[in-house]
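Me: I'm new to this one and would love a friendly tour. Could you show it to me first?

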Amino acid sequence: MTVSNSLLKSVKKTSGILLLLPLLLQLTAKAQVLKKLIPDKVVVLTFDDAVLSHATYVGPLLKKYGFGATFFVCEFVTPPFSDKTKYMSWEQIAGLSKMGFEIGNHTQNHTHVNKMDSLHFVAELKYIEDKCAQYHIPKPISFAYPGYDISPKAFGVLKAAGYQFARAGFDRPYDPAADHPYLVPGITTSATNRKQVFDALDMAKDGKIVVLTIHGVPDEAHVWVNTPPELFEEYLKYLKDNHYKVIALRDLATYINAEKALNITPVFKK
Ligand SMILES: [Zn+2]
């Protein structure tokens with residue numbers, strides 16, 4: 001072999017490796033984000049808006065099933081949080097926490113993050129954190145965007161305040177290797193999307209996790225996001241009978257390195 005031939009070969013080899021480099025880096029980054037392989041049939045249950053039925057019905061039923069869940073609480077303005085025929089009291093929220101459920105932050109007044117500046121957002125987060133401290137509830141590390149409105153401006157605030165995961169809308173399964181942890185997609189249940197929910201539950205496989213967003217069961221405060229109790233129990237029974245692992249959002253830290261996952265490029269589209 002001549003010197004120039006050998007040089008050519010080595011250049012070819014190097015360029016081959018260089019071509020593979022982005023792929024290798026991507027694989028390494030993926031491996032760093034995932035602490036361990038995500039098993040099939042992992043489902044996260046999240047319940048929004050501090051609706052009364054969360055304390056009187058959902059919590060005790062989930063306990064019976066041995067399921068975990070996150071309750072994202074806020075103090076609604078309309079109808080007002082003071083209406084205890086519609087919303088939980090802070091004592092009831094603390095009761096859910098004592099039962100082992102996660103209490104997450106949904107802002108003080110359900111203010112959309114794209115409708116307030118950073119200082120206002122910090123104050124709304126802190127209001128819920130202070131209430132949690134007052135009622136001996138662990139400091140929230142999960143956040144849910146009111147109205148599913150997202151904003152890049154929210155990221156710095158969430159990170160500085162120590163949040164690990166933030167759930168949005170999107171209505172599709174969560175891919176922890178590709179989705180930014182502050183843009184965790186949720187699939188919203190209603191009175192009319194039974195098929196969509198069952199189809200979604202079947203997608204909890206091949207590294208993907210299904211996060212359900214549920215409001216009141218039933219929901220007297222916001223009827224358009226009502227989930228009827230009999231439909232809800234059908235979902236729970238299906239999850240139990242089919243051996244799903246049903247957890248809170250914070251429990252994702254078992255599988256995902258939230259710190260490393262913050263390096264994933266966020267995609268801001270609804
Ligand atoms: Zn909400």
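Me: What percentage of the 270 residues in the protein are buried?
Reply: Happy to help! This is a predicted model, in which local features need pLDDT of at least 70, side-chain atom pairs count only at pLDDT 80 or more, and totals for chains, interfaces and linings use all residues. Residues are numbered from 1 along each chain as its sequence is written. A residue is buried if 20 or more other C-beta atoms, placed from the backbone, lie within 10 Å of its own, exposed if 12 or fewer, and partly exposed in between; of the 270 residues, the buried ones make up 39%.

Me: How many helices and strands are there in the protein?
Reply: Both are DSSP runs numbered from the N terminus: helices are H or I with at least four residues, and strands are E with at least two. Counted this way, the protein has eight helices and eight strands.

Me: Which strand gives the most to the largest nonpolar core?
Reply: A nonpolar core is a set of buried Ala, Val, Leu, Ile, Met, Phe, Trp, Tyr and Cys residues joined through C-beta atoms within 7 Å. The largest one here has 68 residues, and Val 43, Val 44 and Ala 166 have the most contacts inside it. With five residues, the element that gives the most to this core is strand β1 (residues 42-48).

Me: Which residues is Ala 166 in contact with, leaving aside its neighbours within four places in sequence?
Reply: Two residues are in contact if their C-beta atoms, placed from the backbone, lie within 7 Å. With those sequence neighbours left aside, the partners of Ala 166 are Phe 143, Tyr 145, Leu 158, Tyr 182 and Val 184.

Me: Is Gly 59 buried or exposed?
Reply: Gly 59 belongs to helix α2 (residues 52-65). Not counting residues up to four places away in sequence, Gly 59 touches His 54, Leu 96, Met 99 and Phe 101. Because 22 other C-beta atoms lie within 10 Å, Gly 59 is buried.

Me: Is α2 roughly parallel or oblique to α3?
Reply: The axes, which are lines fitted to C-alpha atoms over the stretch in contact, with angles from 0 to 180 degrees between N-to-C directions, come within 10 Å for α2 and helix α3 (residues 90-98) and cross at roughly 15 degrees. Angles under 35 degrees count as roughly parallel, over 145 as roughly antiparallel, 65 to 115 as roughly perpendicular and the rest as oblique. Therefore α2 is to α3 roughly parallel.

Me: Which residues in α3 do His 54, Ala 55 and Gly 59 in α2 meet?
Reply: These three residues of α2 face partners in α3 across the contact. The partners are Gln 92, Gly 95 and Leu 96.

Me: Is α4 roughly parallel or oblique to α5?
Reply: Here Ser 118, Phe 121 and Val 122 in α4 meet Lys 153, Ala 154 and Val 157 in α5. The axes of helix α4 (residues 118-134) and helix α5 (residues 153-160) come within 10 Å and cross at roughly 40 degrees. That makes the arrangement of α4 to α5 oblique.

Me: Is His 136 buried or exposed?
Reply: His 136 sits in the loop between α4 and β4 (142-144). Its phi is positive, about 60 degrees, although His 136 is not a glycine. Because His 136 has 9 C-beta neighbours inside 10 Å, it counts as exposed.

Me: And is Ala 50 buried or exposed?
Reply: Ala 50 is in the loop between β1 and α2, and its phi is near 60 degrees, a positive value in a residue other than glycine. Since 27 C-beta neighbours lie inside 10 Å, Ala 50 counts as buried.
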